[in-house]
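The following exercises concern the architecture of a protein model. Please work through each task with the sequence and the structure at hand before reading its solution.

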Amino acid sequence: MARAPQTLFDKVWRAHEVSAESADSPAVLYIDLHLIHEVTSPQAFAVLRERGLTVRRPERTLATMDHSTPTLTAQVFGGTPIALDAARRQVRELEVNCAEFGVELLGLTHSQRGIVHIIGPELGLTQPGKTIVCGDSHTSTHGAVGALAFGIGTTEVGHALATQCLLQRKPRTLAVNVSGELRAGVTAKDLILAIIGRLGVSGGTGHVIEYRGETIRALDMDERMTVCNMSIEAGARAGMIGPDETTYRYLEGRPRSPRGAAWERALEAWRALPTDALARFDREVGLNAAAVEPMITYGTNPGMVIPIGGTIPQRSGDAAFSQALTYMGLTPGQPIRDQPVNVVFLGSCTNARLSDLRSAAGLLRGRRIAPGLRMLVVPGSQQVKRQAEAEGLDRVFLEAGAEWRESGCSMCLGMNGDVVGRGEYSVSTSNRNFEGRQGSGARTLLASPLTAAACAVRGRVTDPRELM
Amino acid sequence: MEPFTILTSRTVVLPGANIDTDQIIPARFLTTTTREGLGRHLFADWRYLPDGTPRGDFVLNSPQARGCRILVAGRNFGCGSSREHAPWALADYGFRAVISTELADIFSSNCLKNGLLPVTVDEPTSAWLIAHPGAEVTLDVSAGTLTLPTGRAVSFPLEAFARRCLLQGVDELGYLLERRHEIEAYERRA
């Protein structure tokens with residue numbers, strides 16, 4: 001009998017079952033790549049130490065530091081100490097843990113350091129068909145190459161360190177089928193915001209999303225990563241895209257991609273991964289990309305999103321909705337356009353790859369940011385930073401009046417000294433507009449790098465197409 | 001981990017939907033390198049004024065909330081970041097169960113690893129609980145039931161392995177370590 005048609009997810013899942021799930025117990029799932037960072041790993045190493053355990057496969061584990069690290073050059077490279085004591089302690093603790101347990105660390109001054117979800121693909125460690133986990137919910141980013149990648153808690157970080165396995169129930173599958181061409185000025189960020197707006201912030205709970213269709217096929221790898229990155233904002237632990245020639249071209253020749261005969265073998269295996277023609281998903285949703293406008297959030301979760309030309313909706317009788325608008329200082333019926341902005345943040349694992357910086361710089365070239373506005377540009381990795389500098393993008397940002405920093409999570413989550421002030425409005429290319437996410441009392445509007453650049457120039461929420 | 005069989009407690013209610021883990025424990029408290037002591041930062045930005053004094057209008061600061069071990073929350077509680085600091089903070093504060101119509105995946109998984117029972121109930125049950133803050137309810141892990149003070153018992157889903165872990169205080173890491181030979185066999189064939 002012919003094998004039943006399978007989805008990409010089914011294939012990757014099955015290939016990693018040490019033992020399949022049963023009514024009584026979850027599957028034991030093998031993890032190919034475990035990425036760790038300074039914030040969610042210390043307590044996991046502590047458990048290993050308490051129980052006298054070792055890291056089972058150190059060569060399948062890679063550490064970096066990104067969340068609590070400073071982005072000021074002097075603090076990163078030692079001119080001045082790290083300003084935050086607790087961050088300094090976490091950085092030191094990761095160094096000690098990696099040395100003691102034999103885990104490779106791309107430390108604070110390493111030329112390949114960066115946001116964990118930027119460097120995995122950049123190094124070629126993120127590969128189709130792999131299972132990848134990290135103590136961070138935006139691990140879904142790595143699914144862009146056709147890997148099964150998801151965020152885990154610190155207890156599970158300990159499990160993966162000690163056994164290279166996790167206990168998991170098999171999630172359901174959700175196909176998001178996207179057709180039509182994105183219009184000029186509309187980016188992958190706008191597309192994923194529109195998808196989250198459609199699914200809602202818990203629409204993907206219990207599911208792994210596969211993004212499919214001609215629009216997705218036409219995206220480059222950076223754009224695919226932006227899309228998969230925000231799967232968790234729809235509640236889905238993982239988002240995946242079937243690997244294709246775009247994927248292989250991106251991975252070929254990267255420092256840790258397979259080479260020579262190993263590359264040929266890998267390619268052959270990867271080509272068998274995409275979802276079979278007749279495979280069934282548990283759910284399917286469709287979206288027309290040609291109708292997507294530049295999107296911007298107005299509330300305190302990423303599902304509270306509207307086209308940039310839209311008005312803030314009314315939802316009478318919804319206390320949480322009113323509370324969100326009170327927090328944001330916005331009123332139902334108000335157009336979001338022309339809302340004054342204090343801060344623009346260009347960065348994060350969602351939008352700090354080279355193409356994101358190019359897109360924003362393209363709009364900023366020869367322009368200045370609005371008087372009194374602060375713009376922070378934080379490349380996703382040290383490599384992105386070097387590439388951007390080689391192209392002169394740093395000059396474009398600096399001449400426009402923005403700050404140009406070392407890589408890290410920075411103002412996405414404000415635990416490293418880069419924060420938005422209380423009551424200030426920030427247009428941010430990151431992934432979360434939760435209350436206080438960018439600093440206590442900060443008000444975040446999520447948007448694309450292009451929209452963020454336009455908002456920086458005008459000092460108000462601006463449709464980027466007006467400046468293109 | 002201590003076995004978890006039956007819990008009877010009054011509830012505290014946070015009715016809003018989509019309460020994310022950044023609210024449960026803001027990122028600036030993630031610079032710790034231990035699990036302990038996070039209870040005092042639980043819901044920090046809702047619980048305290050910017051100068052650190054408790055806000056009188058926040059439910060956890062009310063005298064009625066004292067000693068409550070069950071949190072009733074709106075739909076999609078625990079969404080967002082995978083930080084296990086969220087269940088650590090809830091447990092350290094004294095909560096042993098969270099009830100909602102829907103709980104975020106990673107949060108729910110993290111709760112189970114910390115003896116915090118994630119309970120999902122239907123809309124009418126949730127609406128009743130939200131309308132009756134402070135109600136004394138009983139959660140029975142073995143039976144998988146939530147019993148309201150009205151005497152009505154509703155069942156809640158609990159994955160079989162998770163139930164066993166809670167009831168027997170089974171340690172998942174110990175369970176995985178015992179699978180060593182299967183893991184080695186997998187590594188040989190992969």
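**Exercise 1. The antiparallel sheet**

Task: Describe the open sheet of 3 strands in chain A and identify its edge strands.

Solution. In chain A, 3 strands with antiparallel pairing form an open sheet in the order 1-2-8. Strands here are DSSP runs of E with at least two residues, helices are runs of H or I with at least four residues, and both are numbered from the N terminus. Two strands pair if DSSP finds at least two bridges between them. The edges are strand 1 (17-19) and strand 8 (165-168) of chain A, each of which pairs on one side only. From one strand to the next, the twist averages 35°; for such angles, axes are lines fitted to C-alpha atoms (for helices over the stretch in contact), and values run from 0 to 180 degrees between N-to-C directions.

Next, consider the pairing itself. Strand 2 (residues 27-30) of chain A is joined to strand 8 of chain A by 4 bridges in the antiparallel sense. Opposite Y30(A) stands C165(A) of strand 8 of chain A.

The model is predicted: local features need pLDDT of at least 70 and side-chain atom pairs count only at pLDDT 80 or more, while totals for chains, interfaces and linings use all residues. Residues are numbered from 1 along each chain as its sequence is written, and chains are lettered from A and ligands numbered from 1 in the order in which they are written.

**Exercise 2. The parallel sheet and its helices**

Task: Which strands form the open sheet with parallel pairing in chain A, and which strands does helix 1 touch?

Solution. The sheet has 4 strands in the order 11-10-9-12. Its edge strands are strand 11 (238-240) and strand 12 (283-288) of chain A. Neighbouring strands are turned by 20° against each other on average, direction ignored. Strand 9 (residues 172-179) and strand 10 (residues 207-212) of chain A run parallel and are joined by 6 bridges; A175(A) has E210(A) of strand 10 as its bridge partner. Helix 1 (residues 8-15) of chain A packs on this sheet and touches strand 9, strand 10 and strand 11, its direction making about 130° with that of strand 10. Contact means that the C-beta atoms of two residues, placed from the backbone, lie within 7 Å. Helix 7 (residues 188-199) of chain A lies across strand 9 and strand 12, at about 130° to strand 12.

**Exercise 3. A helix pair**

Task: How are helix 13 and helix 16 of chain A oriented to each other?

Solution. The axes of helix 13 (residues 354-364) and helix 16 (residues 449-458) of chain A are 8 Å apart, and the packing angle is about 30°. The two helices of chain A are therefore roughly parallel to each other, a term for angles under 35 degrees. The contact includes A360(A) and L363(A) of helix 13 and A453(A) and V457(A) of helix 16.

**Exercise 4. Domains and chains**

Task: What does domain 1 of chain A contribute to the contact with domain 3 of chain A?

Solution. Chain A is divided into domain 1 (8-168), domain 2 (172-243 + 269-290) and domain 3 (295-466), with bounds from an automatic or database domain assignment. The C-alpha centres of domain 1 and domain 3 of chain A lie 28 Å apart. Domain 1 gives 23 residues to the contact and domain 3 gives 21 residues. Helix 5 (116-123) of chain A is one of the contributing elements on the side of domain 1, where helix 5 gives the most, with 4 residues.

Finally, turn to the two chains. Their contact takes 54 residues from chain A and 45 residues from chain B. Helix 6 of chain A supplies the largest share of the side of chain A, 6 residues.

Methods. Parallel < 35°, antiparallel > 145°, perpendicular 65-115°, else oblique.
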